[in-house]
Amino acid sequence: ALGIDQENSVGKLIAVEEHHSSNGNFVLNCLIAEQVHKEGSVCLVALHNSFGHYHNVGTKLGYNLHQLQEKGCVESIEVLKLLNESLNAEHENRVGNVLFGDEENTMRNLFHLIKGKTEKLLQKRKLVSLVIDDLSNLLSLGISVKEVLSFLQYCRTLLESQPGLSLVVLTHIAEGDDEQQLLNAGLCHVADVIVTVCGLKTGQSSDVSGSMKVTHRRLDQPMIAHEWNKQNLYHFKLLDRQVKVFAPGTATCLI
Amino acid sequence: MKTGLRNSSEDHVHFHDCFTDHRGWIDSQEKENIRSDVHTKGNSILSVLQTSPVTSTNDCIIIIDSLTPLIYNIGFTRCYRELHSLLVKSTNGLTVSQVICLIHEDTLPDVHVALPQLCHLATTTVKIGSHTQSSRGNPTASIIHKKQGGKILRQVEYYSIDADNRLKSEILTLVTPTVAGVNEDENQLPEDLTTFKLSLGQQEKEARSQLVLPYLRINSEKGGKVFYQPDAADDWDEEDPDDDLDI
């Protein structure tokens, strides 16, 4: 919906900006649903939630992630589990410490894991979508903005070296957190489509969950007046099995 | 980026790929080199130029896609020094006549320190902004150019890019809203707004000037004096209440 699937997202980077007091996960879940529908495969890098969470949400939206994983269409890198293993390895001085150690090594290891999985998926299906949820969690691990941006740049190189790949990255922004702002600015400058999800400015409402702004950066089309960086503002409402999107002011209860 | 540039004279343009594998992560995995003390290609502008194939020793123009990754990788001080040395001396037989850099302001760490320094180093600064009222929906560019004699040229233009990737720009003329008309209207009463008669006739103006307001006394004496008129309920006592004091 919203014109994201109308455009060919192969070789492009979709950035989802999640502002404080809103949850942008639904965008990722909808994009995964879209990819499953198109019979492509998904490589999910889960930093924010466990794989089970995405599976549960997926069943409500109509796809079964566990089944797809068994079939080999979906690969996942559960960073939360990796965290657990690394902590144990660190504690017992075993090999297998992926995440703790030199910052650059951490990012490099993660990148190589991702690269391996995407290559594996591309051998089976033509369309692969790499979904990263959520990049700003890497900052919480103590990794500096510089390393995370390097990691992002390497993921972008995958877009060129592996045709058929598309990238979806979610970042969280909280006001006052400079590192997150820097990371988000760096991401938005290189993204082709930016989806900004934020809560309503005036508070909370039972009819509208928040507002969403979609910006298409058309770098391959001429920059004419008003067409450049076209922005579309929508309001959305999260329901149990779907997400309703509508223009501001046209929620069903208001009409 | 290469697809965006359609130029016939491609042999004049050398692309240096500092984007893929800028930290040597991909190479080093194959060599099983875990210690990445080897910061390979693209880590500094000078090293890139040193390894570039030089076909001619004419003046060359260096265009840097984005300074932010460079600043992140080698630090701002080193980046500044390298930019400065590019302009001042020649590297590998190459004389640099111009360096063009792109900076995304919001991605720079410590932007309030870094940006003024970079602007100071530059002779021409072009600041791109979003569209304003007078730019007819096009984005604007404000240009500051420091001439060698010390003069500064300042200009604001608005630009658009057409289908052939050609830039069209025009000088921005500020559209000032006509203020004069508004001032005149304020002096006159808006008589046409209601059916009530808001203006005064001649007789009514005279009557107004002759009117004496009931409680206003024109004070012709010097100093202040309190005028008090007691009501019927007031108990006015002429005596001085402090008479019985023995001072």
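Reader: What makes Phe111(A) and Tyr154(A) an aromatic pair, and are they buried or exposed?

Author: In this predicted model, both Phe111(A) and Tyr154(A) are buried. Their ring centres lie 5.1 Å apart, and rings count as a pair if their centres lie within 6.5 Å, so the two residues meet the condition. The pair links distant parts of the chain, with Phe111(A) in helix H5 and Tyr154(A) in helix H7 of chain A, 43 residues apart.

Reader: Why is the pair of Phe111(A) and Tyr154(A) called tilted?

Author: The angle between the planes of Phe111(A) and Tyr154(A) is 50 degrees; planes under 30 degrees apart would count as stacked and those over 60 as edge-to-face, so what remains is called tilted. Phe76(B) and Tyr80(B) also form a tilted pair, with 6.1 Å from centre to centre and 50 degrees between the planes. These two residues both lie in helix H4 of chain B, four residues apart, which is about one turn of the helix.

Reader: Why is Phe76(B) called buried, and what is Tyr80(B) called?

Author: Buried means under 20% relative accessible area, and Phe76(B), at 17%, therefore counts as buried. Tyr80(B) has a relative accessible area of 21%, and because values between 20% and 50% are called partly exposed, that is the word for Tyr80(B).

Reader: How do you know that Lys117(A) forms a salt bridge with Glu75(A)?

Author: The closest N and O atoms of Lys117(A) and Glu75(A) are 3.6 Å apart, and a salt bridge needs a side-chain nitrogen of Lys or Arg within 4 Å of a carboxyl oxygen of Asp or Glu, so this pair qualifies. The two partners come from distant parts of the chain, Lys117(A) from helix H5 and Glu75(A) from strand S3 of chain A, 42 residues apart. Glu75(A) is buried, with a relative accessible area of 11%, whereas Lys117(A), at 23%, counts as partly exposed.

Reader: What makes the contact of Lys115(A) with Glu119(A) a salt bridge?

Author: The closest N and O atoms of Lys115(A) and Glu119(A) are 3.9 Å apart, which lies within 4 Å, so the contact is counted. Lys115(A) and Glu119(A) are four residues apart in helix H5 of chain A and are therefore separated by about one helical turn. In chain B, Glu82(B) and Arg78(B) also meet in a salt bridge, at 3.6 Å from N to O, and both lie in helix H4, four residues apart.

Reader: Why are strand S3 and strand S6 of chain B said to stand at the edges?

Author: The open sheet of four strands in chain B has the order S3-S4-S5-S6, with antiparallel pairing. Strand S3 and strand S6 each have a single partner strand, so one side of each is left without a neighbour in the sheet. Two strands pair if there are at least two bridges between them, and five bridges join strand S5 to S6(B), so this pairing meets the condition.

Reader: What makes Asp110(B) unusual in its phi, and why is it called exposed?

Author: Most residues other than glycine have a negative phi. Asp110(B) has a positive phi of about 55 degrees although it is not a glycine. Asp110(B) is found in the loop between strand S2 and helix H5 of chain B, and its relative accessibility of 55% is over 50%, so it counts as exposed.

Technical notes
Residues are numbered from 1 along each chain as its sequence is written. Chains are lettered from A and ligands numbered from 1 in the order in which they are written. This is a predicted model: local features need pLDDT of at least 70, side-chain atom pairs count only at pLDDT 80 or more; totals for chains, interfaces and linings use all residues. Side-chain values use heavy atoms; hydrogens and water are left out. Rings of Phe, Tyr and Trp (its six-membered ring) pair if their centres lie within 6.5 Å; planes under 30 degrees apart count as stacked, over 60 as edge-to-face and the rest as tilted. Buried means under 20% relative accessible area, exposed over 50%, partly exposed in between (1.4 Å probe, protein chains only).
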